[in-house]
Amino acid sequence: MNDETIDQARAAELRGKLAEELTAAGYLKSALVEAAFRTVPRHAFVPADTPLEVTYQADSAVVTKRDERGIAVSSVSAAYIQVAMIEQAELKPGMSVLEIGSGGYNAALLAEVVGPDGQVISVDIDPEATDRATALLDATGYGERVTVITADAEHEVSGFGPFDAIIVTVGAWDLSPAWRHQLAADGRLVVPLRMNGVSRSIAFRRVNDHLVSTSAVVCGFVPMQGVGEHIDREFRLPDAHGRHVTLRFDAGAPDSPALLDGVLASERSEVWSGVTIEHGVSFADLHLWLASFLPGFCKLAADEGTELALERRTWFPFAGVRGDSFAYLSVRPALEGAGVEFGARAYGPHGQEAAIAIVEQLQAWDRHARRGPAPTFAYWPTGSHPDLDEGTAVQEKKHGLVTISWPMAG
Ligand SMILES: C[S@@+](CC[C@H](N)C(=O)[O-])C[C@H]1O[C@@H](n2cnc3c(N)ncnc32)[C@H](O)[C@@H]1O
């Protein structure tokens, strides 16, 4: 055996192990997607210097391009989310699928799933990404089975569609009307949608004048470029040493951010909720709950050297602003038993009120949502007629509304 055949054998072994791991975790569900995953050589689509162990990890995206600030703008997405999204799309042999965001690998998986009678169109806004994807698809024998197009996928892809599935593999803030127009009547639109800074890959199907979710998976993606780009508003709060804590708003940024000037110099307060969680238990839906219901919700980041950065293990990057003050989601060791208790720490003259607002939401999540079924989502294009029950959060988008419905217990 030469080095190359050893590597191929090792790659196949790692791929097989990863397939088992993804099945056990519930991401790989169908024989069709599993067969595709076991067939396509993922390592042939990542940069050549990527160690096989990284390529075949469940949750590692491999960055293929960064912008001038060093921020990732293209990647081969993490394996878990690629297979999860293909499962969400409910594809069958012979179907036609539009992939938005090209890397080659995901398109090759799709080509395996829809088979020789199916159709895969892959669109990317960046010619470097489409050149790269085309070359890799050719090199791996999928060139004839995937049509790669350079375009901003905010617009309809002329000459193709309607599609049985559209899989968006780049973080979207809104749903382009073109995606609904190009979707077959009973098709699936799978999209990593950012809702007040928190993302879920949501599979939507049409119901009358709107879309409703059929499933949702926690995810993170590089952001959309072009016409559909959404720019968050950031407020950088300096501490006494000129280091910054940053508050980032996806929506609903305060009208008077100057009220927060000097806020980090104030004494910090804290309020605890009595809501505890054991180590190792996921609470991803708590972030979505806060993004749904906490007034002034934003994301929090701290420069190295700030008081907050020194205590990184005691907080999560979610905060709420209240006028001249802000509070952020915190934990401390639980007073009884293993695990941690949730609460909030806060800066500013009204920090106590800001912390209480978070604690009230922690208690509401614990009482009504934590043990219940996961929330469901709907998208209401402008002009449609949304159903707004109790327990439904509404987020305004450019082309419509997203609703997040929490089945309320208690
Ligand atoms: C995560 S990568 C795609 C990964 C790929 N599907 C794979 O096989 O792993 C996201 C891609 O979306 C592209 N993108 C960003 N905005 C876009 C837009 N408006 N239209 C089409 N592609 C876009 C980026 O250039 C980037 O290459």
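In the predicted model, strand 9 (residues 210-218) and strand 17 (residues 376-381) are paired in the antiparallel sense, with two bridges between them. Within this pairing, Leu 211 has Tyr 379 of strand 17 as its bridge partner. Strand 17 also pairs with strand 19 (residues 400-405), again in the antiparallel sense, and here the pairing extends over six bridges. Tyr 379 takes part in this second pairing as well, its bridge partner in strand 19 being Val 402. Five of the six residues of strand 17 are buried, so the strand is largely enclosed by the rest of the structure.

Strand 9 also contains Thr 214, which is partly exposed, with a relative accessible area of 35%. When residues up to four places away in sequence are not counted, Thr 214 touches Glu 90, Arg 188, Ala 203 and Arg 205. For one of these residues, Arg 188, the separation along the chain from Thr 214 is 26 residues, and the C-alpha atoms of the two are 8.9 Å apart.

A parallel arrangement is found around strand 4 (residues 119-124), in which five of the six residues are buried, so that this strand is largely enclosed by the rest of the structure. Strand 4 is paired with strand 3 (residues 96-100) in the parallel sense over five bridges, and Ser 96 has Gln 119 of strand 4 as its bridge partner. The connection from strand 3 to strand 4 passes through helix 5 (residues 105-114), forming a β-α-β crossover that is right-handed. Strand 4 pairs in the parallel sense with strand 5 (residues 146-150) as well, over five bridges, and in this pairing Val 120 stands opposite Val 146. Together with helix 6 (residues 127-139), strands 4 and 5 make up a right-handed β-α-β unit.

Residues of strands 3 and 4 also appear among those around the ligand. Of the 26 residues that surround the ligand, those that come nearest are Ser 74, Glu 99, Gly 101, Asp 124 and Gln 225. The side chain of Glu 99 places an N or O atom 2.9 Å from a nitrogen atom of the ligand, while for Gly 101 it is a backbone N or O atom that lies 2.9 Å from a nitrogen atom of the ligand. The side chain of Asp 152 likewise has an N or O atom at 2.9 Å from a nitrogen atom of the ligand.A further sheet is open and antiparallel in its pairing, and is formed by seven strands in the order 10-11-13-14-15-16-12. Strand 10 (233-238) and strand 12 (269-277) stand at the edges of this sheet with a single partner strand each, so one side of each is left without a neighbour in the sheet. From one strand to the next, the twist averages 30°. Within the sheet, strand 14 (residues 315-322) and strand 15 (residues 325-333) run antiparallel and are joined by five bridges, with Val 321 standing opposite Phe 326 of strand 15. Helix 10 (residues 351-368) lies across strand 12, strand 14, strand 15 and strand 16 (340-347), and runs at about 10° to strand 12.

Two residues of this sheet were examined in further detail. Ser 325, which is found in strand 15, has a relative accessibility of 0% and therefore counts as buried. The side chain of Ser 325 is joined to that of Asp 324 by a polar contact of 2.8 Å, and a polar atom of the Ser 325 side chain lies 3.4 Å from the backbone nitrogen of Gly 351. Apart from neighbours within four places in sequence, the residues in contact with Ser 325 are Leu 260, Val 263, Gly 320, Tyr 347, Gly 348, Pro 349, His 350 and Gly 351.

Glu 341, whose place is in strand 16, also counts as buried, because its relative accessibility is 6%, below the 20% cut-off. A polar atom of the Glu 341 side chain lies 3.5 Å from the backbone nitrogen of Ser 273. With neighbours within four places in sequence left aside, the contacts of Glu 341 include Trp 272, Ser 273, Gly 274, Val 275 and Thr 276, and also the residues Ser 330, Val 331, Arg 332, Pro 333, Ala 334 and Leu 335.

Terms used: Residues numbered from 1 in each chain as written. Predicted model: local features only at pLDDT ≥ 70, side-chain atom pairs only at ≥ 80, totals over all residues. Heavy atoms only, no water. Buried < 20%, exposed > 50% of the residue type's maximum accessible area, 1.4 Å probe, protein only. Helix = DSSP H or I, 4+ residues; strand = E, 2+ residues; numbered from the N terminus. Pairing = 2+ DSSP bridges. Right-handed = clockwise from strand over helix to strand, strands pointing away. Axes fitted to C-alpha atoms, helices over the stretch in contact; angles between N-to-C directions. Contact = heavy atoms within 4.5 Å. Near = heavy atom within 4 Å. Polar contact = N/O pair within 3.5 Å; in protein donor to acceptor, adjacent residues only side chain to side chain.
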